[in-house]
Amino acid sequence: METPGSQSSLHRANLERVVRAVRLAGSLTQAEIARTTGLSAATVSNIVRELKDGGTVEVTPTSAGGRRARSVSLSGDAGIVIGVDFGHTHLRVAVGNLAHQVLAEESEPLDVDASAAQGFDRAEELVERLIVATGVDRAKVAGVGLGVPGPIDVESGTLGSTSILPGWSGTKPAEELARRLGVPVHVDNDANLGALGELVWGSGRGVKDLAYIKVASGVGAGLVISGKIYRGPGGTAGEIGHITLDESGPVCRCGNRGCLETFTAARYVLPLLTSSHGTDLTMEKVVRLARDGDPGCRRVVADVGRHIGSGVANLCNLLNPSRVVLGGDLAEAGELVLGPIRESVGRYAIPSAARQLSVLPGALGGRAEVLGALALALSEMGDSMLLDGSGAGTVPAATPAFT
(Lines give C-alpha, C1' and ligand atoms only; values in the text may rest on other atoms or scores of the structure.)
Protein backbone atom coordinates (compact mmCIF):
# COMPACT_ATOMS: atom_id res chain seq x y z
CA MET A 1 0.00 0.00 0.00
CA GLU A 2 1.28 3.47 -0.94
CA THR A 3 1.68 5.97 1.89
CA PRO A 4 1.87 9.76 1.47
CA GLY A 5 5.45 10.85 0.95
CA SER A 6 6.67 7.33 0.17
CA GLN A 7 8.92 6.57 -2.76
CA SER A 8 6.14 4.87 -4.69
CA SER A 9 3.56 7.63 -4.12
CA LEU A 10 6.06 10.31 -5.15
CA HIS A 11 6.89 8.35 -8.28
CA ARG A 12 3.20 7.95 -9.08
CA ALA A 13 2.65 11.69 -8.63
CA ASN A 14 5.50 12.47 -11.02
CA LEU A 15 4.13 10.05 -13.59
CA GLU A 16 0.77 11.80 -13.42
CA ARG A 17 2.41 15.23 -13.75
CA VAL A 18 4.13 14.20 -16.97
CA VAL A 19 1.04 12.51 -18.40
CA ARG A 20 -1.11 15.52 -17.55
CA ALA A 21 1.29 17.94 -19.23
CA VAL A 22 1.38 15.86 -22.41
CA ARG A 23 -2.38 15.26 -22.37
CA LEU A 24 -3.20 18.97 -22.20
CA ALA A 25 -0.63 20.06 -24.78
CA GLY A 26 -1.03 17.21 -27.27
CA SER A 27 2.70 16.82 -27.68
CA LEU A 28 5.78 18.23 -25.95
CA THR A 29 9.50 17.76 -26.22
CA GLN A 30 11.20 16.37 -23.13
CA ALA A 31 12.71 19.80 -22.46
CA GLU A 32 9.22 21.35 -22.61
CA ILE A 33 7.91 18.69 -20.22
CA ALA A 34 10.68 19.56 -17.77
CA ARG A 35 9.82 23.27 -17.96
CA THR A 36 6.09 22.63 -17.63
CA THR A 37 6.29 20.21 -14.70
CA GLY A 38 9.32 21.60 -12.88
CA LEU A 39 10.94 18.15 -12.91
CA SER A 40 14.60 17.68 -13.76
CA ALA A 41 15.63 16.62 -17.26
CA ALA A 42 16.95 13.30 -15.94
CA THR A 43 13.69 12.58 -14.12
CA VAL A 44 11.65 13.38 -17.22
CA SER A 45 13.85 11.15 -19.36
CA ASN A 46 13.37 8.23 -16.97
CA ILE A 47 9.61 8.75 -16.73
CA VAL A 48 9.18 9.07 -20.49
CA ARG A 49 11.13 5.84 -20.99
CA GLU A 50 8.89 4.07 -18.47
CA LEU A 51 5.69 5.43 -20.02
CA LYS A 52 6.89 4.45 -23.49
CA ASP A 53 7.67 0.90 -22.36
CA GLY A 54 4.20 0.71 -20.80
CA GLY A 55 2.52 1.83 -24.03
CA THR A 56 1.15 5.09 -22.57
CA VAL A 57 3.17 7.49 -24.74
CA GLU A 58 4.80 7.54 -28.14
CA VAL A 59 8.16 9.21 -28.77
CA THR A 60 9.15 10.54 -32.20
CA PRO A 61 12.25 12.41 -33.40
CA THR A 62 11.80 16.15 -33.97
CA SER A 63 13.79 19.37 -33.76
CA ALA A 64 13.59 22.36 -31.44
CA GLY A 65 15.62 25.51 -31.93
CA GLY A 66 17.65 23.80 -34.64
CA ARG A 67 18.60 20.93 -32.36
CA ARG A 68 17.48 17.34 -32.39
CA ALA A 69 14.79 16.57 -29.84
CA ARG A 70 12.20 13.95 -28.99
CA SER A 71 8.49 14.74 -29.16
CA VAL A 72 6.30 12.96 -26.63
CA SER A 73 2.57 12.40 -27.17
CA LEU A 74 0.01 10.04 -25.69
CA SER A 75 -0.40 6.76 -27.52
CA GLY A 76 -2.99 6.98 -30.29
CA ASP A 77 -4.84 3.94 -28.96
CA ALA A 78 -4.77 4.98 -25.28
CA GLY A 79 -8.35 6.22 -25.50
CA ILE A 80 -10.72 8.59 -27.28
CA VAL A 81 -12.74 11.66 -26.40
CA ILE A 82 -15.85 13.04 -28.07
CA GLY A 83 -16.88 16.63 -28.70
CA VAL A 84 -20.53 17.63 -29.20
CA ASP A 85 -21.44 21.18 -30.23
CA PHE A 86 -25.04 22.41 -30.35
CA GLY A 87 -25.27 25.61 -32.40
CA HIS A 88 -28.47 27.51 -33.05
CA THR A 89 -28.77 25.92 -36.49
CA HIS A 90 -26.46 22.90 -36.39
CA LEU A 91 -25.17 19.90 -34.49
CA ARG A 92 -21.50 19.02 -34.88
CA VAL A 93 -19.75 15.99 -33.39
CA ALA A 94 -16.06 15.06 -33.45
CA VAL A 95 -14.15 12.03 -32.21
CA GLY A 96 -10.49 12.46 -31.29
CA ASN A 97 -7.76 10.46 -29.62
CA LEU A 98 -5.64 11.50 -26.67
CA ALA A 99 -2.82 12.58 -28.97
CA HIS A 100 -5.05 15.48 -30.13
CA GLN A 101 -5.81 13.89 -33.49
CA VAL A 102 -9.34 14.20 -34.89
CA LEU A 103 -10.43 10.78 -36.13
CA ALA A 104 -13.90 11.66 -37.43
CA GLU A 105 -16.13 14.70 -37.59
CA GLU A 106 -19.61 15.39 -38.93
CA SER A 107 -22.13 18.23 -38.91
CA GLU A 108 -25.82 18.34 -39.69
CA PRO A 109 -28.59 20.99 -39.62
CA LEU A 110 -30.55 21.25 -36.39
CA ASP A 111 -33.03 23.77 -35.03
CA VAL A 112 -31.72 23.81 -31.48
CA ASP A 113 -34.59 26.05 -30.32
CA ALA A 114 -37.20 23.43 -31.10
CA SER A 115 -36.82 20.66 -28.53
CA ALA A 116 -34.13 19.56 -26.11
CA ALA A 117 -35.24 15.92 -26.39
CA GLN A 118 -34.94 16.03 -30.18
CA GLY A 119 -31.48 17.57 -29.91
CA PHE A 120 -30.26 14.89 -27.51
CA ASP A 121 -31.73 12.15 -29.72
CA ARG A 122 -29.84 13.46 -32.74
CA ALA A 123 -26.61 13.88 -30.75
CA GLU A 124 -26.81 10.33 -29.42
CA GLU A 125 -27.35 8.94 -32.92
CA LEU A 126 -24.49 10.94 -34.42
CA VAL A 127 -22.07 9.99 -31.63
CA GLU A 128 -22.85 6.29 -32.04
CA ARG A 129 -22.48 6.54 -35.82
CA LEU A 130 -19.06 8.16 -35.62
CA ILE A 131 -17.80 5.67 -33.04
CA VAL A 132 -18.76 2.86 -35.40
CA ALA A 133 -17.21 4.69 -38.36
CA THR A 134 -13.84 5.05 -36.59
CA GLY A 135 -13.81 1.41 -35.54
CA VAL A 136 -12.65 2.36 -32.04
CA ASP A 137 -13.53 0.18 -29.07
CA ARG A 138 -16.40 1.93 -27.28
CA ALA A 139 -14.83 1.00 -23.95
CA LYS A 140 -11.98 3.40 -24.78
CA VAL A 141 -14.25 6.47 -24.61
CA ALA A 142 -12.75 8.51 -21.76
CA GLY A 143 -15.25 11.35 -21.78
CA VAL A 144 -17.38 13.80 -23.74
CA GLY A 145 -17.20 17.59 -24.01
CA LEU A 146 -20.53 19.28 -24.70
CA GLY A 147 -21.17 22.82 -25.92
CA VAL A 148 -24.51 24.66 -25.77
CA PRO A 149 -25.38 28.22 -26.88
CA GLY A 150 -26.48 29.44 -23.48
CA PRO A 151 -25.31 30.03 -19.90
CA ILE A 152 -24.66 27.01 -17.68
CA ASP A 153 -24.96 27.26 -13.91
CA VAL A 154 -21.56 26.13 -12.61
CA GLU A 155 -22.88 24.41 -9.48
CA SER A 156 -26.02 22.68 -10.76
CA GLY A 157 -25.17 22.20 -14.44
CA THR A 158 -28.57 23.64 -15.34
CA LEU A 159 -29.07 25.64 -18.53
CA GLY A 160 -30.64 29.02 -17.79
CA SER A 161 -32.07 32.05 -19.61
CA THR A 162 -35.38 31.16 -21.24
CA SER A 163 -34.92 34.05 -23.70
CA ILE A 164 -31.98 32.24 -25.34
CA LEU A 165 -33.12 28.61 -25.49
CA PRO A 166 -36.76 28.45 -24.39
CA GLY A 167 -37.09 24.74 -25.19
CA TRP A 168 -34.01 23.88 -23.12
CA SER A 169 -34.45 26.07 -20.04
CA GLY A 170 -34.07 24.14 -16.81
CA THR A 171 -32.49 21.09 -18.45
CA LYS A 172 -29.18 19.59 -17.34
CA PRO A 173 -27.47 18.87 -20.66
CA ALA A 174 -24.40 17.06 -19.28
CA GLU A 175 -26.48 14.84 -17.02
CA GLU A 176 -28.90 13.93 -19.81
CA LEU A 177 -26.20 13.10 -22.38
CA ALA A 178 -24.19 11.14 -19.80
CA ARG A 179 -27.29 9.05 -19.06
CA ARG A 180 -27.70 8.27 -22.75
CA LEU A 181 -24.04 7.56 -23.56
CA GLY A 182 -22.94 5.99 -20.28
CA VAL A 183 -19.72 8.03 -20.03
CA PRO A 184 -18.73 11.24 -18.18
CA VAL A 185 -19.92 14.42 -19.93
CA HIS A 186 -18.59 17.92 -19.25
CA VAL A 187 -20.57 20.94 -20.45
CA ASP A 188 -19.80 24.58 -21.16
CA ASN A 189 -21.22 27.38 -23.29
CA ASP A 190 -20.17 27.73 -26.90
CA ALA A 191 -18.10 30.90 -26.46
CA ASN A 192 -15.96 29.29 -23.75
CA LEU A 193 -15.41 26.24 -25.93
CA GLY A 194 -14.53 28.43 -28.91
CA ALA A 195 -11.89 30.08 -26.73
CA LEU A 196 -10.58 26.70 -25.62
CA GLY A 197 -10.46 25.41 -29.19
CA GLU A 198 -8.51 28.43 -30.44
CA LEU A 199 -6.24 28.28 -27.40
CA VAL A 200 -5.26 24.65 -28.02
CA TRP A 201 -5.40 24.41 -31.83
CA GLY A 202 -5.84 27.85 -33.36
CA SER A 203 -5.08 31.56 -33.14
CA GLY A 204 -4.67 31.49 -29.37
CA ARG A 205 -1.73 29.12 -29.28
CA GLY A 206 1.21 30.44 -27.30
CA VAL A 207 -0.71 33.00 -25.19
CA LYS A 208 -2.16 32.71 -21.70
CA ASP A 209 -4.59 35.64 -21.67
CA LEU A 210 -7.11 36.07 -24.46
CA ALA A 211 -10.73 36.74 -25.28
CA TYR A 212 -12.62 34.82 -27.94
CA ILE A 213 -15.50 36.87 -29.34
CA LYS A 214 -18.29 34.99 -31.09
CA VAL A 215 -20.91 36.95 -33.02
CA ALA A 216 -23.87 34.93 -34.25
CA SER A 217 -27.53 35.06 -33.16
CA GLY A 218 -26.08 36.47 -29.94
CA VAL A 219 -22.73 37.83 -28.85
CA GLY A 220 -20.53 36.15 -26.26
CA ALA A 221 -16.93 36.08 -25.14
CA GLY A 222 -14.86 33.20 -23.86
CA LEU A 223 -12.23 34.52 -21.45
CA VAL A 224 -8.88 32.82 -20.87
CA ILE A 225 -6.91 34.09 -17.87
CA SER A 226 -3.52 32.59 -17.02
CA GLY A 227 -4.15 29.75 -19.46
CA LYS A 228 -7.54 28.73 -18.03
CA ILE A 229 -11.14 29.48 -18.97
CA TYR A 230 -12.63 31.99 -16.56
CA ARG A 231 -16.32 31.29 -15.97
CA GLY A 232 -17.09 33.32 -12.86
CA PRO A 233 -18.84 31.95 -9.77
CA GLY A 234 -22.17 31.61 -11.58
CA GLY A 235 -20.85 30.64 -15.00
CA THR A 236 -21.91 33.86 -16.75
CA ALA A 237 -18.53 35.55 -17.21
CA GLY A 238 -18.00 36.79 -20.75
CA GLU A 239 -21.51 38.09 -21.50
CA ILE A 240 -19.98 40.92 -23.50
CA GLY A 241 -23.11 41.13 -25.64
CA HIS A 242 -24.92 42.85 -22.79
CA ILE A 243 -22.54 45.74 -22.29
CA THR A 244 -24.66 48.88 -22.68
CA LEU A 245 -23.67 51.08 -25.62
CA ASP A 246 -26.78 53.30 -25.76
CA GLU A 247 -29.29 53.60 -22.92
CA SER A 248 -31.89 54.82 -25.44
CA GLY A 249 -31.09 52.12 -27.99
CA PRO A 250 -33.14 49.13 -29.13
CA VAL A 251 -34.66 46.87 -26.49
CA CYS A 252 -32.53 43.74 -26.07
CA ARG A 253 -33.87 40.25 -25.40
CA CYS A 254 -32.38 40.57 -21.90
CA GLY A 255 -34.77 43.45 -21.18
CA ASN A 256 -32.23 46.27 -21.25
CA ARG A 257 -31.76 48.87 -23.97
CA GLY A 258 -28.85 49.42 -26.29
CA CYS A 259 -26.81 46.31 -25.48
CA LEU A 260 -23.83 45.56 -27.72
CA GLU A 261 -25.80 42.60 -29.05
CA THR A 262 -28.51 44.90 -30.46
CA PHE A 263 -25.90 46.54 -32.70
CA THR A 264 -23.96 43.45 -33.78
CA ALA A 265 -25.94 40.16 -33.63
CA ALA A 266 -27.40 38.76 -36.84
CA ARG A 267 -31.02 39.10 -35.72
CA TYR A 268 -30.57 42.88 -35.41
CA VAL A 269 -28.10 43.53 -38.23
CA LEU A 270 -29.69 41.62 -41.13
CA PRO A 271 -32.94 43.66 -41.15
CA LEU A 272 -30.83 46.76 -41.93
CA LEU A 273 -30.22 45.32 -45.39
CA THR A 274 -33.69 43.88 -46.10
CA SER A 275 -34.91 46.78 -48.25
CA SER A 276 -31.87 46.64 -50.54
CA HIS A 277 -30.97 42.94 -50.46
CA GLY A 278 -34.15 41.00 -49.69
CA THR A 279 -35.12 38.81 -46.77
CA ASP A 280 -33.02 35.70 -47.43
CA LEU A 281 -29.77 37.17 -46.11
CA THR A 282 -27.51 35.39 -43.65
CA MET A 283 -24.45 36.80 -41.95
CA GLU A 284 -22.35 34.45 -44.05
CA LYS A 285 -23.84 35.93 -47.22
CA VAL A 286 -23.39 39.51 -45.98
CA VAL A 287 -19.72 38.83 -45.34
CA ARG A 288 -19.31 37.28 -48.78
CA LEU A 289 -20.99 40.26 -50.45
CA ALA A 290 -18.85 42.67 -48.44
CA ARG A 291 -15.70 40.91 -49.56
CA ASP A 292 -16.95 41.18 -53.16
CA GLY A 293 -17.30 44.96 -52.77
CA ASP A 294 -21.01 45.48 -52.02
CA PRO A 295 -21.11 48.98 -50.45
CA GLY A 296 -24.11 48.38 -48.17
CA CYS A 297 -22.71 45.14 -46.76
CA ARG A 298 -19.27 46.67 -46.33
CA ARG A 299 -20.78 49.52 -44.34
CA VAL A 300 -22.76 47.18 -42.10
CA VAL A 301 -19.73 44.95 -41.47
CA ALA A 302 -17.59 47.98 -40.63
CA ASP A 303 -20.22 49.36 -38.25
CA VAL A 304 -20.48 46.00 -36.52
CA GLY A 305 -16.70 45.96 -36.17
CA ARG A 306 -16.64 49.39 -34.55
CA HIS A 307 -19.32 48.37 -32.05
CA ILE A 308 -17.47 45.14 -31.21
CA GLY A 309 -14.34 47.22 -30.76
CA SER A 310 -16.11 49.29 -28.10
CA GLY A 311 -16.84 46.11 -26.16
CA VAL A 312 -13.29 44.86 -26.66
CA ALA A 313 -11.96 48.18 -25.36
CA ASN A 314 -13.90 47.59 -22.14
CA LEU A 315 -12.31 44.14 -21.87
CA CYS A 316 -8.88 45.67 -22.40
CA ASN A 317 -9.42 48.20 -19.64
CA LEU A 318 -10.67 45.56 -17.21
CA LEU A 319 -8.63 42.44 -18.02
CA ASN A 320 -5.76 43.58 -20.27
CA PRO A 321 -5.70 40.45 -22.51
CA SER A 322 -2.81 40.07 -24.92
CA ARG A 323 -4.98 38.74 -27.73
CA VAL A 324 -8.56 38.91 -28.98
CA VAL A 325 -9.72 36.24 -31.42
CA LEU A 326 -12.84 36.87 -33.49
CA GLY A 327 -14.88 33.77 -34.31
CA GLY A 328 -18.07 32.97 -36.19
CA ASP A 329 -18.99 33.92 -39.76
CA LEU A 330 -17.97 37.53 -39.18
CA ALA A 331 -14.30 36.55 -38.87
CA GLU A 332 -14.32 35.65 -42.59
CA ALA A 333 -14.61 39.38 -43.37
CA GLY A 334 -10.94 39.77 -42.44
CA GLU A 335 -9.69 43.35 -42.32
CA LEU A 336 -13.12 44.69 -43.25
CA VAL A 337 -14.16 43.97 -39.67
CA LEU A 338 -10.81 43.65 -37.87
CA GLY A 339 -9.69 47.13 -38.93
CA PRO A 340 -12.75 48.87 -37.38
CA ILE A 341 -12.36 46.76 -34.22
CA ARG A 342 -8.77 47.93 -33.83
CA GLU A 343 -9.86 51.52 -34.55
CA SER A 344 -12.38 51.48 -31.69
CA VAL A 345 -9.93 49.78 -29.35
CA GLY A 346 -7.36 52.48 -30.11
CA ARG A 347 -9.96 55.16 -29.39
CA TYR A 348 -11.56 53.82 -26.22
CA ALA A 349 -9.01 51.56 -24.52
CA ILE A 350 -6.21 52.66 -22.23
CA PRO A 351 -3.25 53.28 -24.59
CA SER A 352 -0.92 50.83 -22.84
CA ALA A 353 -3.55 48.06 -22.99
CA ALA A 354 -4.32 48.81 -26.64
CA ARG A 355 -0.64 48.65 -27.60
CA GLN A 356 -0.25 45.20 -26.06
CA LEU A 357 -3.34 43.78 -27.78
CA SER A 358 -3.40 41.84 -31.04
CA VAL A 359 -6.74 41.26 -32.78
CA LEU A 360 -6.85 38.18 -35.01
CA PRO A 361 -9.45 36.14 -36.87
CA GLY A 362 -10.10 32.65 -35.56
CA ALA A 363 -8.12 29.93 -37.34
CA LEU A 364 -10.71 27.18 -36.84
CA GLY A 365 -13.85 28.75 -38.30
CA GLY A 366 -17.02 26.84 -37.46
CA ARG A 367 -14.99 24.00 -35.93
CA ALA A 368 -13.73 26.06 -32.98
CA GLU A 369 -16.51 25.01 -30.61
CA VAL A 370 -16.45 21.28 -31.31
CA LEU A 371 -12.65 21.20 -31.06
CA GLY A 372 -13.00 23.14 -27.83
CA ALA A 373 -15.39 20.43 -26.64
CA LEU A 374 -12.70 17.84 -27.35
CA ALA A 375 -10.20 19.97 -25.43
CA LEU A 376 -12.66 20.23 -22.53
CA ALA A 377 -13.01 16.45 -22.37
CA LEU A 378 -9.22 16.09 -22.50
CA SER A 379 -8.71 18.62 -19.72
CA GLU A 380 -11.32 17.09 -17.41
CA MET A 381 -10.35 13.43 -17.68
CA GLY A 382 -8.15 11.91 -15.00
CA ASP A 383 -4.71 10.45 -15.57
CA SER A 384 -5.19 7.29 -13.52
CA MET A 385 -6.93 5.45 -16.35
CA LEU A 386 -3.89 6.08 -18.56
CA LEU A 387 -1.49 4.65 -16.01
CA ASP A 388 -3.48 1.82 -14.47
CA GLY A 389 -3.00 -1.24 -16.59
CA SER A 390 -0.37 0.39 -18.81
CA GLY A 391 2.52 -1.19 -17.02
CA ALA A 392 3.77 2.19 -15.83
CA GLY A 393 3.82 3.22 -12.23
CA THR A 394 5.57 0.25 -10.59
CA VAL A 395 8.78 1.26 -8.86
CA PRO A 396 11.42 -1.41 -8.19
CA ALA A 397 12.76 -1.27 -4.64
CA ALA A 398 16.22 -0.17 -5.78
CA THR A 399 14.97 2.74 -7.89
CA PRO A 400 15.84 6.10 -6.33
CA ALA A 401 12.95 8.49 -5.61
CA PHE A 402 12.20 11.00 -8.38
CA THR A 403 12.30 14.72 -7.61
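## Ser203 and its surroundings

In this predicted model, the side chain of Ser203 comes to 3.2 Å from the backbone nitrogen of Ala363. Ser203 sits in the loop that runs between helix H6 (190–201) and strand S9 (210–215). Its relative accessible area is 13%, and because the limit for a buried residue is under 20%, Ser203 counts as buried.

Apart from residues up to four places away in sequence, Ser203 touches Glu198, Arg323, Val325, Leu360, Pro361, Gly362 and Ala363. Ala363 therefore appears both as a contact of Ser203 and as the residue whose backbone nitrogen the serine side chain reaches.

## Gly327 in strand S12

Gly327 belongs to strand S12, residues 323–327. Gly327 is buried, at a relative accessible area of 4%. When neighbours within four places in sequence are set aside, the contacts of Gly327 are Tyr212, Ile213, Lys214 and Val215.

One of these contacts, Tyr212, is 115 residues from Gly327 along the chain, yet the two C-alpha atoms are separated by 6.8 Å.

## The S5–S6 hairpin

Strand S5 (residues 90–97) and strand S6 (residues 102–109) run antiparallel and are joined by seven bridges. Ala94 has Glu105 of S6 as its bridge partner. The two strands form a hairpin, with four residues between them.

His100 is located in the loop between S5 and S6. Most residues other than glycine have a negative phi. His100, which is not a glycine, has a positive phi of about 70°. With a relative accessibility of 14%, His100 counts as buried.

## Salt bridges from strand S6

Side chains of opposite charge can pair when their charged atoms come close. The structure holds 19 salt bridges. In one of them, Arg367 meets Glu105 with an N to O distance of 2.8 Å. Arg367 lies in the loop between strand S13 (358–361) and helix H14 (368–380), while Glu105 is in strand S6, so this pair ties together parts that are 262 residues apart in sequence. Arg367 is partly exposed at 32% relative accessible area, and Glu105 is also partly exposed, at 27%. Glu105 thus takes part in the strand pairing as the partner of Ala94 and in the salt bridge with Arg367.

Two further salt bridges link strand S6 to helix H4. Glu106 pairs with Arg129, and their closest N and O atoms are 2.7 Å apart. Glu106 is in strand S6 and Arg129 in helix H4 (residues 116–134), so the pair ties together parts 23 residues apart in sequence. Both residues are partly exposed: Glu106 has a relative accessible area of 29%, and Arg129 a relative accessibility of 38%.

Glu108 forms a salt bridge with Arg122, again with the closest N and O atoms 2.7 Å apart. Here Glu108 belongs to strand S6 and Arg122 to helix H4, so the parts tied together are 14 residues apart in sequence. Glu108 is buried, with a relative accessible area of 16%, whereas Arg122 is partly exposed at 24%. Elsewhere, Asp121, Glu124, Glu176, Arg179 and Arg180 are joined into one network by salt bridges that share partners.

## Ser226 and the nonpolar patch

Ser226 lies in the loop between strand S10 (219–225) and S11. Its phi is near 55°, a positive value in a residue other than glycine. Ser226 is exposed, with a relative accessible area of 53%, whereas His100, with its positive phi of about 70°, is buried at 14%.

Ile225, Tyr230, Leu318 and Leu319 make a nonpolar surface patch of about 400 Å². Tyr230 is part of strand S11, residues 228–230. Tyr230 has a relative accessible area of 41% and is partly exposed; a patch residue needs over 30%.

Definitions and conventions
Residues numbered from 1 in each chain as written. Predicted model: local features only at pLDDT ≥ 70, side-chain atom pairs only at ≥ 80, totals over all residues. Heavy atoms only, no water. Patch = residues over 30% accessible without salt bridge, like charges linked within 9 Å, V, L, I, M, F, W, Y side chains within 5 Å. Areas by Shrake-Rupley, 256 points an atom, 1.4 Å probe, with all protein chains shown as cover. Salt bridge = Lys/Arg side-chain N within 4 Å of Asp/Glu carboxyl O. Buried < 20%, exposed > 50% of the residue type's maximum accessible area, 1.4 Å probe, protein only. Pairing = 2+ DSSP bridges. Polar contact = N/O pair within 3.5 Å; in protein donor to acceptor, adjacent residues only side chain to side chain. Contact = heavy atoms within 4.5 Å.
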